[in-house]
Each structure stands twice: as C-alpha cells, then as structure tokens.
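Here are my notes on this one, as promised. Have the viewer open while you go through them.

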Amino acid sequence: MTALDNTVSTAPTVTATFDSLSPINGDVVGTHPVHSAEDVEAAVARAREAAAWWSALSFDERAAHLNTWKSVITRRLPQLSELMHRETGKPHGDAMLEAALAIDHLNWAAGKAEKHLKRRRVSSGLLMVNQAAYVEYRPLGVVGVIGPWNYPVFTPMGSIAYALAAGNAVVFKPSEYTPGVGEFLARTFLESVGRPVLSVVTGYGETGAALCHAGVDKVAFTGSTATGKRVMAACAEHLVPVVIEAGGKDAVIVDTDADLEAAADATLWGACANAGQTCAGVERVYVHEKVYDDFLAVLVAKAKGLKAEDSATSQIGPITMPKQLDVIRSHIADALARGGRALVGGADAVGERYVQPTVLVDVPEDSLAITEETFGPTVTVAKVASMQEAVERTNNNKYALGSTVFAKKNGMDIAGQIRSGMTSINGVITFAGIPSLPFGGVGDSGFGRIHGPDGLREFTYAKAISRQRFKPALALTTFDRTEKADKQLVTMMTMMHGRASTLPKRSKKG
Ligand code: NAD
C-alpha cells in the first residue's frame, strides 16, 4: 500500500514525487509523493472524521487499540530499524534502541492517559463552598505533527503517541529525509486500528507549511529553531497553538568528585552517538580545574578509539543531511582560527559523508562551536575555576534544551541552577527514556512539552465545570445582592486574607 492509498485517497492529484536517499552511498531508498496543499487539506478532513470516532472511545478502548499498534511495531522492529538505518545511515543497534524507547513511550501514554486526563474533582474553596468543581482534559481534535530526520521514530512519537492517547487524530509530516519511516508508522497504525486516526503526508517544507494552514487544531513541530519560527508565524495566522521542540547546545558539567571515567564515557557517547545529530546531544563540557587534565586524558583516549566509517560494525554512521557537513566544518574551522586546539579530529575530520570524532579545547566562548548548534560528533572542553562558573557558562547560551552533571555530593544543587528543560545527573540524556518526565526546552530550544503527564495535557484543553450543590449562604452573583451580603463579604475576606504574612525562615542553604 502506498502512502497515498493509506492516507489521502480523497486527494485530487499527486503528480510530483521525491526520492529518499541513503546517506551511506546515495542509493534510492524509496520514492514518495510530494503532497500538495490540497492533499494535506484532504488528509486533515479525513483525520477529522476519524477523530470524531476516536475521541468518542473510552480511555480503555483507545489504550487497547494503541497497544495493538504497539505490538505490531514491536514484532516488526527488525524491519523498522532496517528502514531507519537505510534512511538515516545510523547503525542498526542505535535504530533498534531508538524504536524501543519510542515503543516504551507509546505504552506509557496509552496506559496513563486516563489517570492524567480524566475528570476529577477539585476543591471549590471557602467562598464557593456550595459548588462542586471538576476539571478534565479534552482532546483538541486533529494535531499536525512535523518531524525531523535525526530520530525519525522516537522524536515524532513523543508527540504522536501522546496526542493519540489524549484522544486526538494526527496527521504526520515526516522529514523529507525519512518519509519511509513516517509511512511505516501510519501503515502499521491503519493495519492495527482500521481507521486513519494517524495518517501521513510526505514532501518538503512546503508540505509542512501547508499542514499549518490546513485547519489543524495544534501543530507539534520538532526541528531547527529557524523553521520553528516559520511554523509559529504560519500557525499564528489561524491562532493555531504550537509546541516547538527545537535545537540545543547542551553542556556537561564535571565536578571535582565526579567519576571521571563515567563522565568521559557519557560525554563521548552524548557527543558522538548518532554522529552527533542529537538535539539533546553533548556539544560543550565545563570541567573543574582540579580534575580537568584527568578528565581530558580519559576522554581523548576513548575518542581516539572511535571511528566513523561505512562498515557493519561502525558505531558512528554518516551525516544524514549533506549540507550539515558545511556547518560542522565551519564550526571546527572557526574554533581553530580563534586559538582553539583539536586534541582529536580537527580540520580534517569532515569527510564527504562521515565526520570523525573531534575534541576541541581552548575554544573562546563566543566561537560558533560554543554558541551555535553544530550537530556533528564534536565537543568543546573548557576548564572552570568553580561549579558556579560552570553553571554561568552553561546558562550563557540562547539554547537551553538538556544538560548533564557529573558530581557525587552537589549534583542536585548544580542541576537546580541550570537553565534547561531537562538535566541528567551521572548519566547522559537519561531523562528522554523516562516516560513520566516532561521533555522540552527553554529559550531558542522551544517551548511546550512532550512526554509525561505534561506531554499528554499538551494535546488537550482544560475543561472546567462547576455544579451548584446547594444555594449559597451569601448570594453574590445576582442583582438581588443585598448590602448585608456585601458587608458579610468584606468581613469574610478580612478574616480569610487580611492578615499580614510573615516571611518563612530561610534554611542555611538559602
Ligand atoms: P528542519 O527544521 O530542517 O525540518 C524539520 C521539519 O520541518 C521537516 O519535516 C521539514 O520538512 C519541515 N519544514 C521545513 N520548512 C517548513 C516550513 N516552512 N513549515 C513547516 N514545516 C517545514 O529540521 P531537521 O534538519 O529535520 O532537524 C534537525 C533539527 O531538529 C536540529 O536543530 C535538532 O536539534 C532539532 N531537533 C530537536 C528535537 C527536540 O526535541 N527539541 C528533537 C530532534 C531534533
């Protein structure tokens, strides 16, 4: 079944197609339709019909359907990871891990939606004691999901699974580099559930832009900050709300008492896994001067043993998007031109398809390798005099997605001072694999949250209901309100809120 049969069979015409190419050797992996604005509108109209059915199901019924889909994806993991490998170039094992984590999120979202979204009673307060108060989280309708290529399953599923579990239909526009993976998800969903509650439209940026104008009720965008701004502007025309999951420049902070072996290992993996093409990947490291040399020695030794190459056993694949090679090259060149030194890799690290691990030191803080997202297997390491300096330098960046702290005693304290959506202590990017934790950024890394209860609620609107239980002692919301009632209100308010408050005593830690 083609994407067209699968999703937009009512679409008027699809004439243009495009190829997705293997970044390993340039082979054509698949040919896909370039869906036009009319096609996208038709897909959204079909999704709206499906949404009416889906949202009327109970949480249990939706969970059962999602679990069927989950089991189909799980049984076809080898097929899916092969497709991911061919479209992105990432090693099979990495593709498998990515898909496995996405399945775990799907499981969590399906299982927990009722708990976090169902109607619940809340306190109505003293003034409104005669009322019963309820809140519930209702689905929005049709959610448009626009995805990137770097984690073509895990990343969009952070929106798709949570939006579906919350009762929405989803129209998914995968990256033009990974359309086959998008089609796999929609096809397996249709097979599992029988209705196009999840459908896919393929094409370039124009198809994504069309989705913003096609009458969806929310857009969940994951991609670069620059495109995120364009998506937000397009959605603003229709007052369509957006979630923006954008770029990052995540730092690792290493304290004096850190396990340096573990910190170096995590830094290298965080920087070079997926060839460095990870939104929450490690791009900067700030190490306390007392352990700087020791940390660096371990990191360099480990990095020298890692090679990006076209082989079945390679742990680092190619750069998926050819134009990114120029960005990585320019960041390394800028760092070296400004006095930085490459202890591993360097100017020659950037090849035609592969980039070798690169460890840079003495890089000024205003260099591109520190200020901009590199999205390659490179990392800068800087010496700091204190953890306060490490935190200040970490926070002095327009991006604020994730972060990592390696420390024994003060890990939680340091983590609490970092301005970023997520922090992992003594591990790297671990927060992404914990379904109950929200995932998202601050500043140029975007806003809104996927994953966890926040991620479920992101795809809903809060519905408040108040129900009168008995007539109020003080009738306030009537033109028959008496002078006596006004006086009683003042007395009551004075008793409840008129007393001056005292500042709580500060603990020694402040
Ligand atoms: P991108 O911005 O080039 O493209 C993302 C998606 O947007 C693609 O599907 C693309 O076709 C579509 N698009 C392009 N122009 C559009 C427009 N005008 N309107 C609507 N859609 C449009 O990003 P990319 O290169 O695919 O992904 C890499 C970026 O994604 C990196 O910056 C990375 O940090 C970020 N990312 C962020 C997260 C996160 O969770 N914060 C996760 C993964 C990737």
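1. Let's start with a strand pair, bearing in mind that this is a predicted model. Strand S9 (residues 242–245) pairs with S19 in the antiparallel sense, over 2 bridges. If you want a spot to click on, Ile244 sits opposite Phe447 in S19.

2. Now zoom out to the sheet around that pair. It is an open sheet of 6 strands, running S7-S6-S5-S8-S9-S19, and the pairing is mixed. Strand S7 (198–200) and strand S19 (446–447) are the edge strands; each has a single partner strand, so one side of each has no neighbour in the sheet.

3. There's a helix on this sheet too. Helix H7 (residues 179–193) packs on it and touches strand S6 (169–173) as well as S7. The direction of H7 makes about 145° with that of S7.

4. Next, a helix pair. Two packed helices are described by the angle between their axes and the distance between the axes. For helix H2 (residues 37–56) and helix H8 (residues 205–212), the axes come within 9 Å and cross at roughly 45°. That crossing makes H2 oblique to H8, since angles under 35 degrees would count as roughly parallel and 65 to 115 as roughly perpendicular. As for handedness, H2 and H8 cross in the right-handed sense.

5. Which residues of H2 and H8 meet? On the H2 side they are Ala37, Val40 and Val44, and on the H8 side Thr207, Ala210 and Leu211. By type, the residues of this H2 contact with H8 split into 5 nonpolar, 1 polar and no charged.

Methods. Residues numbered from 1 in each chain as written. Predicted model: local features only at pLDDT ≥ 70, side-chain atom pairs only at ≥ 80, totals over all residues. Heavy atoms only, no water. Axes fitted to C-alpha atoms, helices over the stretch in contact; angles between N-to-C directions. Helix = DSSP H or I, 4+ residues; strand = E, 2+ residues; numbered from the N terminus. Parallel < 35°, antiparallel > 145°, perpendicular 65-115°, else oblique. Left-handed = near helix turned anticlockwise from the far one by under 90°. Contact = heavy atoms within 4.5 Å. Nonpolar A, V, L, I, M, F, W, Y, C, P; charged D, E, K, R; others polar. Pairing = 2+ DSSP bridges.
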